[in-house]
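Subject: Structure for you to look at

Dear colleague,

I am handing over the structure we spoke about, and I would be glad if you could open it beside this message and follow along as you read.

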Number of protein chains: 2
Amino acid sequence: MPAKSLPSIAARKATADGLIRDAGARLTSPRSAVLTLLLAADHALTHQEITDTLSVDLAVDRVTVYRVLEWLVEQGLAHRIAGEDRVWRFSVSRGKGAGARHDHRHAHFACTQCGQTFCLGDMPADVKMKLPAGFRTETVELTLRGVCSHCR
Amino acid sequence: MPAKSLPSIAARKATADGLIRDAGARLTSPRSAVLTLLLAADHALTHQEITDTLSVDLAVDRVTVYRVLEWLVEQGLAHRIAGEDRVWRFSVSRGKGAGARHDHRHAHFACTQCGQTFCLGDMPADVKMKLPAGFRTETVELTLRGVCSHCR
DNA sequence: GGCTTCCTGCAACTCATTTGCATGAGTGTG
DNA sequence: CACACTCATGCAAATGAGTTGCAGGAAGCC
């Protein structure tokens, strides 16, 4: 076996299953499969990418995938990203332990070529804008658009 | 008549018609009506808002509105904003005279209550993020999410 | 007024996402 | 270990924004 330092699929599945258990919910194969996939992904995945990948060795209904994703977001295990193409992308919420809610303080990078979206590190804290009177900011969303390393 | 200092509808229509003429295109009532509406709006309008408003005194086909909006964006007279609800919003491109293209350097504010989106001033120039190797940024998108003055 | 070309309106379509409902599978209990 | 009680899944059908093809209509130019 190759001297890979990356977590194996099995390890990721174990992580995924643990997270699902910790959420106090039933451990089902669709949940496990989707979360394992998200944990292994290097970029935010669309619903389509997920169903396509899963269909190779496990038939999961499209609707179920939608519901699993929705549930993951509710649990704070993943977050959804809106893009220019009106398609949701999903990525695990990393940092701050398991149920890291509100970790939406990081920026995103969207490749205009391949459409892939990546999570970046925390955004600069100094994104303060002067607002019209009466406006109150709750969250800030920062998306860089350009060409990713794979497409240049 | 009230001592309004805001441009009258007639004046806006004149502005709209001038902009359309300057673009070297035919002046048609759908184009004029849509652009007049956008010029008068204090927030970015959805396709739905536009057709609903127009239908009061001028029947314009949904598809035509879509095409007019697309055309306005192509001409640099308007820009389209993607939101969380997978609906495009359109706003006139202000500043730098008529055909102000690339004025996408401003931030947006999206109200989580009513869904309305507003254009803010220029974003802080210092939104530089460290990117993974090989990534090249072309445009930056900054959206503040919170409660607008009307909803608080 | 007549011509040419671009624009509009209509109908039908695409495609991501959602909803309703009946069946089926986890999980705690006896 | 079987049983029941939910909760989750699968299927079918619906929703809703946005798109496409095509034929008729109207701006702009002479």
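Below is what was found, beginning with the DNA and ending with the cysteines.

Please keep in mind that this is a predicted model. Around DNA strand D there are 23 residues, and the closest are Arg26(A), Arg31(A), Thr64(A), Arg67(A) and Trp88(B). Sorted by class, this surface near DNA strand D holds 9 nonpolar, 4 polar and 10 charged residues. If you look from the side of the DNA, 59% of the atoms of strand D within 4 Å of the protein belong to sugar or phosphate, while the rest belong to bases.

Some individual contacts are worth finding on the screen. In the side chain of Arg26(A), an N or O atom is 2.4 Å from a base oxygen of DNA strand D, and a polar side-chain atom of Arg67(B) lies 3.2 Å from a base oxygen of that strand. Gln48(B), by contrast, places a polar side-chain atom 3.3 Å from a phosphate oxygen of DNA strand D. The elements giving two or more residues to this surface are helices H2 (29-40) and H4 (62-74) of chain A, together with helices H3 (47-55) and H4 (62-74) of chain B, and H4(B) gives the most, with 4 residues.

As for the cysteines, a search of the whole structure finds 0 disulfides over all chains. The sulfur of Cys114(A) has its closest cysteine sulfur in Cys151(A), but the distance of 3.6 Å is too far for a bond. Cys114(B) is likewise in no disulfide, with the sulfur of Cys151(B) 3.6 Å away. Cys114(A) is partly exposed, at a relative accessible area of 39%, and Cys114(B) also counts as partly exposed, at 37%.

With best wishes

Definitions and conventions
Residues numbered from 1 in each chain as written. Chains lettered and ligands numbered in written order. Predicted model: local features only at pLDDT ≥ 70, side-chain atom pairs only at ≥ 80, totals over all residues. Heavy atoms only, no water. Near = heavy atom within 4 Å. Polar contact = N/O pair within 3.5 Å; in protein donor to acceptor, adjacent residues only side chain to side chain. Nonpolar A, V, L, I, M, F, W, Y, C, P; charged D, E, K, R; others polar. Disulfide = S-S within 2.5 Å. Buried < 20%, exposed > 50% of the residue type's maximum accessible area, 1.4 Å probe, protein only.
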